[in-house]
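Okay, thanks for having me on the agenda. I'd like to walk you through one model today, so let me put it up on the screen.

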Amino acid sequence: MLEKDTVSANKKLSETTYDLLHDQDGLNLRPYQIEAIEKAETAILQGQQSILLAMATGTGKTRTVLGMIYRLLKTRRFKRILFLVDRTTLGEQAQDVFKEVKIEDLMTLDQIYNIKNLDDKDIEKETKIHIATVQSLVKRTLYNESDSMPSVTDYDLIIVDEAHRGYILDKEMGDEEQLYRNQSDYVSKYRSAIEYFDAVKIALTATPALHTTEIFGKPVFEYSYRRAVIEGYLVDHDAPHDIRTKLRDDGINYQPGETVAIYDPVTGEITNSAELDDELIFDIDSFNETVITENFNRTVLNEITLDINPEGEGKTLVFAANDDHADLIVKILKEIYEPKGVSNDAIIKITGSIGGGNTKKVLEAVKRFKNEQYTNIAVTVDLLTTGIDVPEITTLIFMRRVKSRILFEQMLGRATRLCPRINKTHFEIYDPVGVYESMEPVSTMKPLVQNPSATFNDLLTGLETFNTEQQVKNMINLIIAKIQRKKQKLSPEAQSHFDYASGNLDPEQFIQKIIGLSTMEAKEYILKNTELFKILDDGYLPTEQKVYISDKPDELVSHTRGYGQGTTSQDYLEEFDKFIQDNVNKIAALNIVCTRPQELTRESLKNLKVELDSQNFTEKQLNTAWRELKNEDITADIISYIRRFALGSPLLNHDERIKLAVDKLRKKHIFSKMELDWLGRIEKTLLAETIIDRETFDTGSFKTQGGFERINKVFGGKLEAHLVELNGYLYDNEGMKTA
């Protein structure tokens, strides 16, 4: 503490330029990543102790953190940083980035500073960065009785990745007895652990939730998915495929007098019900959870697979309701593709049950899906919803509804990453269960936990966390006491299921079995029998445990695209037309597009795209709607669509329009070989960005080759005039082919 000079460090931090972060041979950070670092540093300089950065999935949070860590250590603002992750896989990804990405003088962070990784429990004086999981931090701070108790000054900065998870706001436990109390004020163990240290906290998340902002405050910087799409750093999704079937529209209905097959997930037994006294109705929200309906799954998958080639480029991720449902989907997909000669290896299930829950086997399956070209379709439940980076994912299929917008946005985030290797331009969404419509009433800012009452799950979590024999023994005694109370209230049916699941032990015999084991053996035995505690907690309510099996036939009703408020492609284009006509004289950038397109800048185009995006008008969906309505294979840009509807200009494919304009410029002048080579680079930039202006030459690859001033010399001082002329040709319809 005596060595630390915060005032001098703050001064040095504020005076250090960001040039190193721009370096193409180093981090080569994007503008928004540097902006995030600037906002975090400003908050630090202002004395803020808790800081939240919200950055969309796929926008490079880890590389942003890498640049931030380096600046904060280099300026000696902090002496030791903890990088906290909530899963081992995320920690391993961070370790790889720290070891592989060059920062300065072709050296990585791992080569510049001493880093302790996930397997390292203890830190040393020279340690500058420590990567750890939340679980390990909780054990070290809240339940540590060893001699090496961490000091509150071990870290002076904690960076929390994926902060929205928040460990579901578990209760803070001073004494184990608190687990029995109904506490309205939930405080997560995770929050308690990070607040143990006298440190500044910087948290990163893609989806801020209520509990995240309660801990870290409102975001000081936000970079949304829509903004990333507009700026070209993430891919957009096309209008979702809305697939309707007879069962989805009408539900599954049983009339009085009918019988229905009932599946018991505890015993695995299938029985027929007695004749129904009342009508029984299941809507789409119950499909694949309360009621198993193979015919619905087969009908929608038969339709969806017409669009998916498991031997082509791009990967498909299917979200199932539960593990049994994932098995059913895999079975159906293999049956659909097998007659076409597709190997079973192309379709895999990736859930926590792989290899009997073997973590190594699960990670192997994830790596196989990520790295092997032929494993193209993966079916998951929650395992691949966050933290897994597979840029090749081009298709998402929702076979389950979700009630959390945070989870839904994380699911969408699996497919948003750029993938130039396969020329990925967008991703497709297939929605046969109406997940979009089900999201309407759901708020992002709802707490993850709303019921404060303790359950066996609380006790089992505590038991799993404790390591010392005395703590484990105390927890086992609490569990036994709770079983003693619960066993008095079990229904005969619940008693029967307990006996079956425990291997013919009633609750009293189960208690005696625990008592007869050593403390650590009892812990292992209890944790192997978690299903029994679900029966005890629920009192075995048949309506919650039993699952109905439906053999009701199904058939496809429609397969359409969802364009938001416009129900058809024609509606969508008509709405766009109306918006343009109503606003062409109100929005300055719209007026420039229609009257002086050569004056349009990249900044004004970006702002215009933001305005249109807020009205749900995107290039991808406009192209899809036009293709559906006109049966023309058009890929035009947003400017072309505006001029088409405002002025009646011909609609040209984007690439074709660029090539025609550049060719026209070439023919108007005699260019040297150097100038022609630069025109080729300008053409490539236009194909990617639509607009080119003076600012373009002072960014990216142009900047590294001298920027505008140097390239202008190649063109004899006429570069700006050529750009104005070229931009005029881009929207000069004279002599251009019409679509």
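Let me start with two rings: Phe576 and Phe645 are both buried. Before I go on with them, keep in mind that this is a predicted model, and every value I quote is computed from it.

So, how far apart are the ring centres of Phe576 and Phe645, and at what angle do the planes stand? The centres are 5.5 Å apart and the planes make 80°, so we call the pair edge-to-face, given that anything over 60 degrees counts as such. Phe576 belongs to helix 24, residues 569-583, and Phe645 to helix 28, residues 638-647, so this pair ties together parts that are 69 residues apart in sequence.

Phe645 has a second ring to deal with. Trp626 and Phe645 also form an edge-to-face pair, with 6.3 Å centre to centre and 90° between the planes. Here the link runs from helix 27, residues 619-630, where Trp626 sits, to Phe645 in helix 28, and the two residues are 19 apart. On burial, Trp626 has 5% relative accessibility, which is under the 20% limit, so Trp626 counts as buried. Phe645 is at 15%, so by that limit Phe645 is buried as well.

If you follow the ring pairs outward, you get a cluster: Tyr563, Tyr572, Phe576, Phe579, Phe617, Trp626, Tyr641 and Phe645. For the whole count, we get 23 aromatic pairs.

Trp626 has one more thing going on. The charged end of Lys630 sits over the Trp626 ring, 5.2 Å from the ring centre. There's a similar arrangement elsewhere, with Lys552 lying over the face of Tyr254 at 4.7 Å from the ring centre.

One more phenylalanine while we're on the topic. Phe369 is in helix 14, residues 359-371. With a relative accessibility of 1%, Phe369 counts as buried. Its C-alpha is 9.8 Å from that of Leu317, and those two are 52 residues apart in sequence.

Now, sheets. As a reminder, strands of a sheet pair through backbone hydrogen bonds, either parallel or antiparallel. In what order do the seven strands of the open sheet run? The order is 5-6-2-7-8-1-9, and the pairing is parallel. Strand 5 (114-116) and strand 9 (221-223) are the edges, each with a single partner strand, so one side of each has no neighbour in the sheet. On average, neighbouring strands here are turned by 15° against each other, direction ignored.

Zooming in on one pairing: strand 2, residues 81-85, and strand 6, residues 127-133, run parallel and share five bridges. Leu82 is opposite His130 of strand 6. Two helices to point out against this sheet. Helix 4, residues 61-74, packs on it and touches strand 1 (50-55), strand 2, strand 6, strand 7 (157-160) and strand 8 (200-205), with a direction at about 160° to that of strand 8. Helix 7, residues 134-141, also packs on the sheet, touching strand 2 and strand 6, and its direction makes about 105° with that of strand 6.

Then we have an open sheet of four strands, in the order 14-13-22-16, and this time the pairing is mixed. Strand 14 (269-272) and strand 16 (291-293) are at the edges, each pairing on one side only. Neighbouring strands in this one are turned by 30° on average, again ignoring direction. Strand 16 and strand 22, residues 547-550, run parallel and are joined by three bridges. In that pairing Thr293 stands opposite Ser550 of strand 22. Helix 12, residues 294-304, packs on this sheet against strand 16 and strand 22, its direction at about 45° to that of strand 16.

Last stop, a helix pair. At what angle do the axes of helix 20 and helix 21 cross? Helix 20 is residues 507-515, helix 21 is residues 519-527, and their axes cross at roughly 145°, coming within 8 Å. Phe510, Lys513 and Ile514 make the contact from helix 20, and Ala522, Tyr525 and Ile526 from helix 21. By type, that contact has five nonpolar residues, no polar and one charged.

To zoom out: the chain has 33 helices and 23 strands. Of its 739 residues, 51% are buried. And among contacts between residues at least 6 apart in sequence, 74% join residues at least 24 apart. That's it from me.

Methods. Residues numbered from 1 in each chain as written. Predicted model: local features only at pLDDT ≥ 70, side-chain atom pairs only at ≥ 80, totals over all residues. Heavy atoms only, no water. Axes fitted to C-alpha atoms, helices over the stretch in contact; angles between N-to-C directions. Contact = heavy atoms within 4.5 Å. Nonpolar A, V, L, I, M, F, W, Y, C, P; charged D, E, K, R; others polar. Pairing = 2+ DSSP bridges. Buried < 20%, exposed > 50% of the residue type's maximum accessible area, 1.4 Å probe, protein only. Phe/Tyr/Trp six-rings, centres within 6.5 Å; stacked < 30°, edge-to-face > 60°. Lys NZ or Arg CZ within 6 Å of the ring centre and 35° of its normal.
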